[in-house]
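Here is a short tour of one protein fold, written for a first look. Keep the picture open while you read.

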Amino acid sequence: MDGNTSIWSSDNYDPESIKLCVKKLKEEFGQQFSDSQSILEQHTHTMTIHESELPNGVVFVETKEDVQKVVNICNEYKCPIIPFGVGSSFEGHLNAPFGGISIDMNNMDKILKVYQDDLLVVVQPGVTREQLNKYLRYTGLFFPIDPGANASIGGMTATRASGTNAVRYGTMKDNVIALEVVTPDGQIIKTANKARKSSAGYDLTRLMVGSEGTLGITTEITLKLYGIPEVIAGGRVSFPSVKDATDAVIMTIQAGIPVARIEFMDIAQVKAVNDYSKTNLPEAPLLLVEFHGSQSSVDEQSELFGEISSDFGGKDFEWTSNNEDRNKLWKARHDAYWSCRAVRPEAELYSTDVCVPISKLSDCITETIEDMEQNELIGPIVSHAGDGNFHVALLIDKNNKMELDKLDEFLVRISERAIKMHGTCTGEHGVGQGKRKYMLKELGNAVNVMKKIKEAFDPHKIMNPGKLFL
């Protein structure tokens, strides 16, 4: 096998065996099983332009034993399994290209135990980010990974999610301590204990984080927690150009200022946010910044950032530690998806992301904006600028073949542009179906190693087939 050889084939999945599997699951799970058309359609919704590919049935699991039973039955009939969280995926992770069973994890939504002294929490995969932080607020602790959507912790683990706080707190790979996983042959394994570090064997935790449901199904997740900062202050500053804004980011990071969030919006995104959220942000390239710490440290950090911003032409600098004002500012940022949809309500939104070294961020964003202008595409840009990741929200008429062709060509160019700049075709959305064709160009023969790992774990190829690589 080489990196160009596909391991996915419809010959691996017998429709009659899948029908028998559906029949068996219906008998075993009763009301926890559904094959109604509306339920099947809900379990491929991906908030994106990808065409839906429906499963044959959905099992609403409630316990790890339920998951184990589903996996054992599907393994017996060689029937595909697609884990489902809240459905906020952008890259077709939830589609069932070969049919099969969707395992809905939403009823596994218990916060099992908070280890306050150890700054750890154990949760089931259906727990959402907002649910977890609401539960934790009286403990003085919080979970910082914030991808914007109120995603499930299981989904965030599967896609190695990050978000606005990643520049200070890292991504899911940095904050998952241990997992409990049902493997494709029905075993329940733990990948680690609760120690903050270990040298005991292969790092199965990191292997599972970001595997997109292709190696197993997570049933428990142990996460790092952090103390809620004494002071959280945020602000905004506008710049004459994309380069000025991104140069200010680079200087801020190089100066060692411990910024918690540093987000970039291009002019198109600022206009969209103003229209949708009724804000009055200056319509220029914009940075949104947040610092966490003591009052004195936050004051010092904001002052240093203000000086750096001024050096790069920053103006209209506003700063606040008032929670209401700060939350309003970030609410506008988190409404970016919906603000983009409102720019062209009749269109579908295709959100794509890439990530490059921050020294290349300005070039990559500028070339991408020029690319869209030359090809008459509409796509506001937001960026987790502190780690070189940015998102383009392309608004496309699915009934217009010319626009769809332009989209396909643009997606190739933006991914190849990022890879050429020593970056990646996806910083946080994951690969799913949408980014598979770029994996070989980005990682070369490492893709072949991934395929061998997949076949070793899952010889029947039942776990979320058709994802990650061709």
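Strands here are DSSP runs of at least two residues, numbered from the N terminus. By that rule, Ser351 belongs to strand 16, which covers residues 348-355. One caution before going on: this is a predicted model.

**Ser351 and its surroundings**

Is Ser351 buried or exposed? Ser351 has a relative accessible area of 7%. Buried means under 20%, so Ser351 counts as buried. Leave out residues up to four places away in sequence, and Ser351 touches Phe90, Glu91, Val392, Ala393 and His429. Leu395 is 44 residues away from Ser351 in sequence. In space, their C-alpha atoms are 8.6 Å apart.

**The seven-stranded sheet**

Strand 16 is part of an open sheet of 7 strands. The order is 15-12-14-13-17-18-16, and the pairing is antiparallel. Which strands form the edges? They are strand 15 (315-320) and strand 16, and each pairs on one side only. From one strand to the next, the twist averages 15 degrees.

Look at one pair inside this sheet. Strand 17 and strand 18 (residues 389-396) run antiparallel and are joined by 4 bridges. In this pair, His384 stands opposite Asn389 of strand 18. A helix also packs on the sheet: helix 12 touches strand 12 (231-238), strand 13, strand 14, strand 15 and strand 17. The direction of helix 12 makes about 130 degrees with that of strand 14.

As a general point, side chains in a regular strand alternate between the two faces of the sheet.

**Helix 10 meets helix 13**

Now turn to a second serine. Ser339 sits in helix 13, residues 336-343. Ser339 counts as buried because its relative accessibility is 2%. Its side chain reaches the backbone oxygen of Ala336 at 2.8 Å. What does Ser339 contact beyond its neighbours within four places in sequence? The partners are Gln269, Ala272, Val273 and Tyr276.

Those partners lead to helix 10. Helix 10 (residues 267-277) packs against helix 13 at an angle of about 90 degrees, and the axes are 8 Å apart. Helix 10 is therefore roughly perpendicular to helix 13. On the helix 10 side, the contact is made by Gln269, Ala272, Val273 and Tyr276. On the helix 13 side, it is made by Ala336, Trp338, Ser339, Cys340, Ala342 and Val343. What kinds of residue are these? The contact of helix 10 with helix 13 has 8 nonpolar residues, 2 polar ones and no charged ones.

Helix 10 has other partners too. Its buried residues are Gln269, Val270, Ala272, Val273 and Asn274. The buried residues of helix 10 pack against strand 13 (259-265), strand 14 (286-293), helix 12 (323-334), helix 13 and strand 17 (381-384). After helix 10 comes Lys278, with a positive phi near 60 degrees.

**The four-stranded sheet**

Another open sheet has 4 strands in the order 1-2-4-3, with mixed pairing. Its edge strands are strand 1 (33-34) and strand 3 (81-84), each pairing on one side only. Strand 2 and strand 4 pair in the parallel sense. Helix 3 (residues 64-77) lies across strand 2, strand 3 and strand 4. Helix 3 runs at about 170 degrees to strand 4.

**Strand 8, an enclosed strand**

Why is strand 8 (residues 176-182) described as largely enclosed by the rest of the structure? Because 7 of its 7 residues are buried. Strand 8 pairs with strand 10 and also with strand 9, antiparallel in both cases. The hairpin of strand 8 and strand 9 has 5 residues between the strands. In that hairpin, Gly186 takes a positive phi near 90 degrees.

The table sets out three strand pairs, including these two.

| Strand pair | Sense | Bridges | Residues opposite each other |
|---|---|---|---|
| Strand 2 (57-60) and strand 4 (101-104) | parallel | 4 bridges | Val59 and Ile103 |
| Strand 8 and strand 10 (217-224) | antiparallel | 6 bridges | Ala178 and Thr222 |
| Strand 8 and strand 9 (188-190) | antiparallel | 3 bridges | Glu180 and Lys190 |

Terms used:
Residues numbered from 1 in each chain as written. Predicted model: local features only at pLDDT ≥ 70, side-chain atom pairs only at ≥ 80, totals over all residues. Heavy atoms only, no water. Buried < 20%, exposed > 50% of the residue type's maximum accessible area, 1.4 Å probe, protein only. Polar contact = N/O pair within 3.5 Å; in protein donor to acceptor, adjacent residues only side chain to side chain. Contact = heavy atoms within 4.5 Å. Axes fitted to C-alpha atoms, helices over the stretch in contact; angles between N-to-C directions. Parallel < 35°, antiparallel > 145°, perpendicular 65-115°, else oblique. Nonpolar A, V, L, I, M, F, W, Y, C, P; charged D, E, K, R; others polar. Pairing = 2+ DSSP bridges.
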